[in-house]
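Student: Could we look at this model together? I would like to know what stands behind the words used for it.

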Amino acid sequence: MIEELEARKRILESTSSGPVMWVPISMAVDGVAAETLGARLDCPVFDNSSMDGYAVRASECRTGDTLNVAGQVQAAGPDLDLILKPGEALRIFTGAAIPRGADAVIMQEDVEFVDDERTAIRIVEGVELAENIRRRGSDVCEGQRILSKGERIKPTTIGLLASQGLPNVPIFSRPMVNIVTTGDELVETGEWLGEGEIYNSNGPMLTAAVERLGGIAARFHAMDDRGHLRSVLENALHTGDFVIIAGGVSVGDRDFVKETLTDLGVTTEFWRVNVKPGKPFVFGRFEDRVSVVGLPGNPVSAFVTFSMFAGPAIQKWLGKKDVSADQPALESFSGVLGTDLENRGDRPHYLRVKVDRENGNRITPFGVQQSHAVHGLAQADALVRLAASESLQSGQSVTGWWI
Ligand code: AMP
Ligand code: MG
């Protein structure tokens, strides 16, 4: 049996980040950048107007001045290469190139027409030098870093890449995660529940947990039968980057997972982690390519051990920054205990808790604290860890992990 930190460290050491793939930027949202990229262009690409108005010389534009309106107009689009003559104002629109000779744009709201023919304007509100001009390179300069390796790609990042004319971006590929549930008692949702049977909750729950992290999940199910289990596991091992098995990894007479994995050539790196819920946990490697994780079958144990040990490896594969053995694949926060808590056991215990965010993240245990209790798990907000034999007092600050 090994400690939690050691377990996570060993799993992370055995997992590398996934291969790099170039994808169209439209497909990259939530992907992790696999390379650092520099700007190819200055942005704005050329000096342009940030307003609809008139390109002018600021020195000719004090309140009350009048200017003749030039015969030509510069709109957004092709640069007409116009020249602003002294004493003139040149009609211009947002995004249009600034004509030569102009050093400011006056908003159309700040002028009035002198005559009905609109051949001249009077300045109602003067303009400052450079006002309403977006200078070339004022946002991004060519060569400046626009994307860092390890950075998560947001919709706004995609906007930036597009503004640089980049059609594709390199991201770490998503891992194919094969989820294998086991057990004769399990039926899928939508099916008839016979006597002694239960619905398979781990399959859908783990699928969602994998997909929330960014992995691609596929579902398999094996009966508690050596032949059946072997063929399902063999298929899963040969067609994925991760295989996550739920159930059948304990020491019951029908727990065939460990021996079957060994038969199929999986090297067991360790078995059992000193944690509650979740002691019967196995980690192995197959053909130096696939990480194999066996989780306990009870849903709370399965979820907790997935989040503690398998999740970080998936995040590492995806190239996420700051993945470390110190962090499960859940976001941490700090809160204050609303009651005393005591762990009488000899293993660290993750409790399911409610968090009152309106009350300084006040933490109280919630629901049935047993490893089959899916209602308590689903309705809880977070997990809190109590070390073996630890007692904590109401009012103490603790770290929690959102679930
Ligand atoms: P096992 O680890 O196979 O001994 O299973 C431990 C407990 O978890 C048993 O009560 C199983 O019925 C239950 N269990 C195992 N797999 C699942 C699953 N996929 N969904 C819901 N409960 C499960
Ligand atoms: Mg079982």
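Student: What is the radius of gyration of the protein chain, set against a compact globule of 403 residues?

Tutor: The protein chain has 31 Å, whereas a compact globule of 403 residues would be near 22 Å. The radius is taken over C-alpha atoms, and the globule rule is 2.2 Å times the number of residues to the power 0.38. Along its principal axes the C-alpha trace spans about 95 × 50 × 40 Å. This is a predicted model, where local features need pLDDT of at least 70, side-chain atom pairs count only at pLDDT 80 or more, and totals for chains, interfaces and linings use all residues. Residues are numbered from 1 along each chain as its sequence is written, while chains are lettered from A and ligands numbered from 1 in the order in which they are written.

Student: What makes a residue count as buried, and how many do?

Tutor: A buried residue has 20 or more other C-beta atoms, placed from the backbone, within 10 Å of its own. Of the 403 residues, 38% count as buried.

Student: Why do strands S16 and S18 stand at the edges?

Tutor: The open, mixed sheet has the order S16-S13-S17-S20-S19-S18. S16 (216–222) and S18 (266–271) each have a single partner strand, so one side of each is left without a neighbour in the sheet. Strands are DSSP runs of E, at least two residues, numbered from the N terminus; two of them pair if DSSP finds at least two bridges between them.

Student: How do you know that S18 pairs with S19?

Tutor: Five bridges join S18 to S19 (residues 282–286), and the two run antiparallel. One of the bridges links Val266 to Phe286 in S19.

Note on methods
Helix = DSSP H or I, 4+ residues; strand = E, 2+ residues; numbered from the N terminus. Buried ≥ 20, exposed ≤ 12 C-beta atoms within 10 Å, placed from the backbone.
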